[in-house]
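Open the model in your viewer and keep the selection box ready. Each stop below says what to pick and what is there.

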Amino acid sequence: MAILTRAMRLALAAALLLIGSLDGRAAQRTSTAEDDVKATFLYNFARFVDWPAEIEHRASGDFRICTVTDAAFDRALDRIVTGERVRSRAIQRYTPRSPEDARSCQILFIGRTRMKDSDRYIAAVRSAPVLVVGETPGFVTQGGHIGFVIEDNRVKFDANPKAAAEAGLSVSSKLLRVARNVTKERTR
């Protein structure tokens, strides 16, 4: 029997959570399970987005997934990414000290607990090659690139590849095919 890598096990677990049918008990899952699925998505988004060459070929430095959210999500993301790599770079979870500090991230996740700060963070990274992911309703129409949604008790996401392209990012068609909705409009 082949041995699955940790990343393969995580991807398989996320897929099972997404495609498996949910009964009444599963529908009342804890927020930790939802956080784990979203954290796994963040890890996998890194594999399906291309950053500008100067970012991709940076010889040193970690791949930063920055979070502006609560401690429960940070713990879930730490469980998922500890020891993992993206394009030969170690993944580091980082909490930016300010919206401007988020420009040093490759992925920025803005949680629902920090919704009031989302406009400031989006504005601060608008011209930087940072994939902006959130979990509030309508996030991709507010300038975000990917927005998590819960539909039929499953974590899904909407994508705005036009907004990502304006930041110098290219979102893989493979990722867009599994998005719930793909917005092709210019954002504010």
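**Stop 1: the hairpin**

Start with β3 and β4, which form a hairpin with two residues between them. Select R87 in the turn: its phi is positive, at about 50°. Keep in mind that this is a predicted model.

Now show both strands of the hairpin. Strand β3 covers residues 85-86 and pairs with β4 in the antiparallel sense, over two bridges. Pick R85 to find a partner across the strands: R85 stands opposite A90 in β4.

**Stop 2: across to β2**

Select residues 89-94, strand β4, and residues 63-68, strand β2. These two run parallel and are joined by four bridges. For a pair to click on, take I65, which stands opposite R93 in β4.

Next, add β5, residues 107-110. Strands β2 and β5 also run parallel, with four bridges between them. Here C66 stands opposite L108 in β5.

**Stop 3: the whole sheet**

Zoom out and colour the strands. In what order do the eight strands of the open sheet lie? Read them off as β3-β4-β2-β5-β6-β7-β8-β10, with mixed pairing. The edge strands are β3 and β10 (181-182), and each pairs on one side only.

A general point helps when you look along any one strand. In a regular strand, side chains alternate between the two faces of the sheet.

**Stop 4: two helices on the sheet**

Select residues 71-81, helix α5. Helix α5 lies across β2, β4 and β5, and it runs at about 160° to β2. Then select residues 118-125, helix α6. Helix α6 packs on the sheet and touches β2, β5 and β6 (131-134). The direction of α6 makes about 165° with that of β5.

**Stop 5: the disulfide**

The structure holds one disulfide. Show C66 and C105 as sticks: these two form the link, with their sulfur atoms 2.0 Å apart. The angle about the S-S bond is -95°, and the link is left-handed.

Why does this pair tie together parts that are 39 residues apart in sequence? C66 lies in strand β2, while C105 lies in the loop between β4 and β5, so the link spans that separation. A disulfide is a covalent bond between the sulfur atoms of two cysteines.

Switch on the surface and look for both residues. Are they buried or exposed? C66 has 0% relative accessibility, so it counts as buried. C105 is buried too, with a relative accessible area of 2%.

**Stop 6: T67**

Step along strand β2 to T67. T67 is buried, with a relative accessible area of 0%. Show the side chain of D74 as well: a polar contact of 2.5 Å joins the side chains of T67 and D74.

Now list what else T67 touches, leaving aside its neighbours within four places in sequence. Its contacts include F73, D74 and L77. R93, Y94, T95 and P96 are also among them, and so is F109.

**Last stop: the full chain**

Select everything. The secondary structure of the protein chain comes to eight helices and ten strands. Of its 188 residues, 47% are buried. The accessible surface comes to about 9700 Å², and 53% of that belongs to carbon and sulfur atoms. Finally, take contacts between residues at least 6 apart in sequence: 61% of these join residues at least 24 apart.

Note on methods. Residues numbered from 1 in each chain as written. Predicted model: local features only at pLDDT ≥ 70, side-chain atom pairs only at ≥ 80, totals over all residues. Heavy atoms only, no water. Pairing = 2+ DSSP bridges. Disulfide = S-S within 2.5 Å. Buried < 20%, exposed > 50% of the residue type's maximum accessible area, 1.4 Å probe, protein only. Contact = heavy atoms within 4.5 Å. Axes fitted to C-alpha atoms, helices over the stretch in contact; angles between N-to-C directions. Areas by Shrake-Rupley, 256 points an atom, 1.4 Å probe, with all protein chains shown as cover. Polar contact = N/O pair within 3.5 Å; in protein donor to acceptor, adjacent residues only side chain to side chain.
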